[in-house]
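Subject: The model you asked about

Hi,

Here is the structure, with the sequence alongside. Have a look first, and then read on for what turned up in it.

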Amino acid sequence: MISKGTIKISNDIITNIAGLSALEIEGVKKVVGFNPETLMDSKIAPENKGIKMEIIDGYVNIDMSLIVENGAKIPEVASLVQNSIIDQITIMTGLNVGNVNLNICGIE
């Protein structure tokens with residue numbers, strides 16, 4: 001097969017996918033340290049300092065902190081967030097996801 005070249009996906013793209021995926025889940029109020037409003041503004045660096053990502057043995061591992069809505073069923077919300085992040089990273093990048101570690105650090 002003839003090589004077409006290489007494709008590199010930046011860590012920022014992966015953490016952005018994770019942050020946006022979490023925010024789509026009902027019951028999630030905020031992803032700590034992640035501001036989706038800066039993603040589309042090329043003059044402002046994306047703020048995703050609250051989302052950590054590393055690749056170990058070919059698997060993407062994500063660590064993030066969430067604030068959930070008052071009254072949310074935390075185990076259910078957390079499971080939906082984990083599934084959404086795994087699905088979206090896999091679909092959008094083709095990478096395998098190992099662990100999605102969540103720290104529920106607040107309720108609003």
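Let's start inside: the largest nonpolar core has 21 residues, and I62, M64, V81, I85 and I89 are the ones that touch the most other members. (A nonpolar core here is a set of buried Ala, Val, Leu, Ile, Met, Phe, Trp, Tyr and Cys residues joined through side-chain atoms within 4.5 Å; buried means under 20% relative accessible area, exposed over 50%, and partly exposed in between, with a 1.4 Å probe and protein chains only.) At least two residues of this core come from each of α1 (11–23), β1, β4, β5, α2 and β6. The largest share, five residues, is supplied by β5. As a general point, nonpolar side chains in soluble globular proteins tend to be buried together.

Before going further, a word on what you are looking at. This is a predicted model, where local features need pLDDT of at least 70 and side-chain atom pairs count only at pLDDT 80 or more, while totals for chains, interfaces and linings use all residues. Residues are numbered from 1 along each chain as its sequence is written, and side-chain values use heavy atoms, with hydrogens and water left out. The average pLDDT (the predictor's confidence in each residue, from 0 to 100) is 90, and 88% of the residues score at least 70. Confidence is highest in α2, at 98, and lowest in strand β3 (residues 47–48), with a mean of 56.

Now the layout. The protein has two helices and six strands, in the order α-β-β-β-β-β-α-β along the sequence. (Helices, H or I with at least four residues, and strands, E with at least two, are DSSP runs numbered from the N terminus.) Of the 108 residues, 32% count as buried.

Which strand is largely enclosed by the rest of the structure? That is β5, because eight of its 10 residues are buried. Its pairings (two strands pair if DSSP finds at least two bridges between them) look like this:

- β1 and β5 run antiparallel, joined by three bridges, and V31 stands opposite L66.
- β4 and β5 are also antiparallel, with six bridges; I56 has Y59 as its bridge partner.
- β5 and β6 run parallel, with nine bridges, and V68 faces I107 in β6.

Together, β5, helix α2 (residues 74–93) and β6 form a right-handed β-α-β unit. (Right-handed means that, with the strands pointing away from the viewer, the path from the first strand over the helix to the second runs clockwise.) I85, back in the core, touches A18, S21, A22, I62, M64 and V100, leaving aside residues up to four places away in sequence; contact means heavy atoms within 4.5 Å.

One oddity is D57, which has a positive phi of about 50° although it is not a glycine. Most residues other than glycine have a negative phi. D57 sits in the loop between β4 (51–56) and β5 (59–68), a hairpin with two residues between the strands. D57 is exposed, at a relative accessible area of 75%.

Last, how many salt bridges does the structure hold? Just one, counting a side-chain nitrogen of Lys or Arg within 4 Å of a carboxyl oxygen of Asp or Glu. K30 pairs with E108, and their closest N and O atoms are 3.4 Å apart. K30 lies in strand β1 (residues 28–31) and E108 in the segment after β6 (96–107), so the pair ties together parts 78 residues apart in sequence. K30 is partly exposed at 38% relative accessible area, and E108 is partly exposed at 42%.

Cheers
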